[in-house]
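Subject: The structure I promised you

Hi,

Here is the structure I said I would pass on. Have a look at it first, and then read my notes underneath.

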Amino acid sequence: MSNGDERAGDEVDRIVAAWNTQRPDLDFSPLEVLSRVDRLSRLLDRARRDVFRRSDLETWEWDVLSALRRAGAPFQLSPKQLLQQTLVSSGTMTNRIDRLVGRRLVRREADPGDGRSVLVTLTDDGRVRVDAAITRLVDAEATLLAALPRADRERLAALLRKLSLSFGA
């Protein structure tokens with residue numbers, strides 16, 4: 001990003017300037033940060049949905065399949081572990097697993113360590129889809145960040161991590 005681009009101003013600058021005119025008694029610096037985060041979040045959400053659509057996946061399917069893929073071979077987790085990673089209710093997870101089994105992207109297997117429990121295992125088709133999706137996702141997100149040099153991306157990531165940790169996220 002050139003210095004000219006940084007000084008050009010964006011929609012948030014225009015909004016903050018208008019508020020500063022109307023309410024000069026307030027500090028609008030939080031809006032300068034979080035309004036941009038919000039706008040970028042919406043753009044990122046659209047880009048991610050497009051990536052997942054091209055891999056014939058819904059965002060929620062991606063959440064489950066990617067958790068299984070990240071677990072490493074044999075690419076399986078208990079429903080409880082999936083709940084912890086995806087932050088959904090037990091009923092929602094059961095429904096999601098059922099739907100993924102129906103699409104043959106995962107299968108349920110008896111847990112050899114506990115005959116009363118099951119493990120959710122990524123199928124070969126599920127692995128192919130999640131691998132294609134992560135490749136597309138990394139490429140798409142690299143394109144979105146192309147205006148920032150690596151050092152700026154690393155600094156931004158560190159600042160966002162610090163902010164995220166302050167929320168207990």
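Below is what I found, starting with the sheet and going on to the helices, two spots in the backbone and a pocket.

Before you dig in, keep in mind that this is a predicted model, where local features need pLDDT of at least 70 and side-chain atom pairs count only at pLDDT 80 or more, while totals for chains, interfaces and linings use all residues. Residues are numbered from 1 along each chain as its sequence is written, and side-chain values use heavy atoms, with hydrogens and water left out.

A word on names: helices (H or I, at least four residues) and strands (E, at least two) are DSSP runs, numbered from the N terminus.

Let's start with the sheet. It is an open one, made of 3 strands in the order 1-3-2, with antiparallel pairing; two strands count as paired if DSSP finds at least two bridges between them. Strand 1 (76-77) and strand 2 sit at the edges with a single partner strand each, so one side of each has no neighbour in the sheet. Strand 1 pairs with strand 3 over 2 bridges, in the antiparallel sense. If you want to find that pairing on screen, look for L77 opposite V120 in strand 3 and Q76 opposite T121 in strand 3.

On the other side, strand 2 (residues 106-111) and strand 3 (residues 114-122) run antiparallel and are joined by 6 bridges. These two strands make a hairpin, with 2 residues between them. One position to look for here is E109, which stands opposite L119 in strand 3.

Now for the helices. How do helix 4 and helix 6 cross? The axes of helix 4 (residues 59-70) and helix 6 (residues 90-102) come within 11 Å and cross at roughly 90°. (Axes are lines fitted to C-alpha atoms, for helices over the stretch in contact, and angles run from 0 to 180 degrees between N-to-C directions.) Helix 4 and helix 6 are therefore roughly perpendicular; in this scheme, under 35 degrees is roughly parallel, over 145 roughly antiparallel, 65 to 115 roughly perpendicular, and the rest oblique. The contact (heavy atoms within 4.5 Å) brings W60, E61, V64 and L65 of helix 4 up against M93, R96, R99 and L100 of helix 6. Those residues divide into 5 nonpolar, no polar and 3 charged. For these classes, Ala, Val, Leu, Ile, Met, Phe, Trp, Tyr, Cys and Pro are nonpolar, Asp, Glu, Lys and Arg are charged, and the others, Gly among them, are polar.

Helix 4 also packs with helix 7, at an angle of about 100° and with the axes 10 Å apart. That makes helix 4 roughly perpendicular to helix 7. Here W62, L65, S66 and R69 of helix 4 meet R127, V130, D131, A133, I134 and L137 of helix 7. By class, this contact has 6 nonpolar, 1 polar and 3 charged residues.

Helix 5 and helix 6 pack at about 110°, again with axes 10 Å apart. In this contact, P79, L82, L83 and T86 from helix 5 meet S90, M93 and I97 from helix 6. The mix is 5 nonpolar, 2 polar and no charged residues.

Next, two spots in the backbone. Most residues other than glycine have a negative phi, and most peptide bonds are trans. A73 and P74, though, are joined by a cis peptide bond, with omega about 10°. You'll find P74 in the loop between helix 4 and strand 1. L87 has a positive phi, near 55°, and L87 is in the loop between helix 5 (79-86) and helix 6.

Last, which helix gives the most to the lining of the largest pocket? That is helix 3, with 11 residues. Helix 1 (3-8), helix 2 (11-22), helix 3 (29-54), helix 7 (124-144) and helix 8 (150-166) each supply at least two residues of that lining. By class, the lining has 18 nonpolar, 2 polar and 13 charged residues.

Happy browsing, and write back with any questions!
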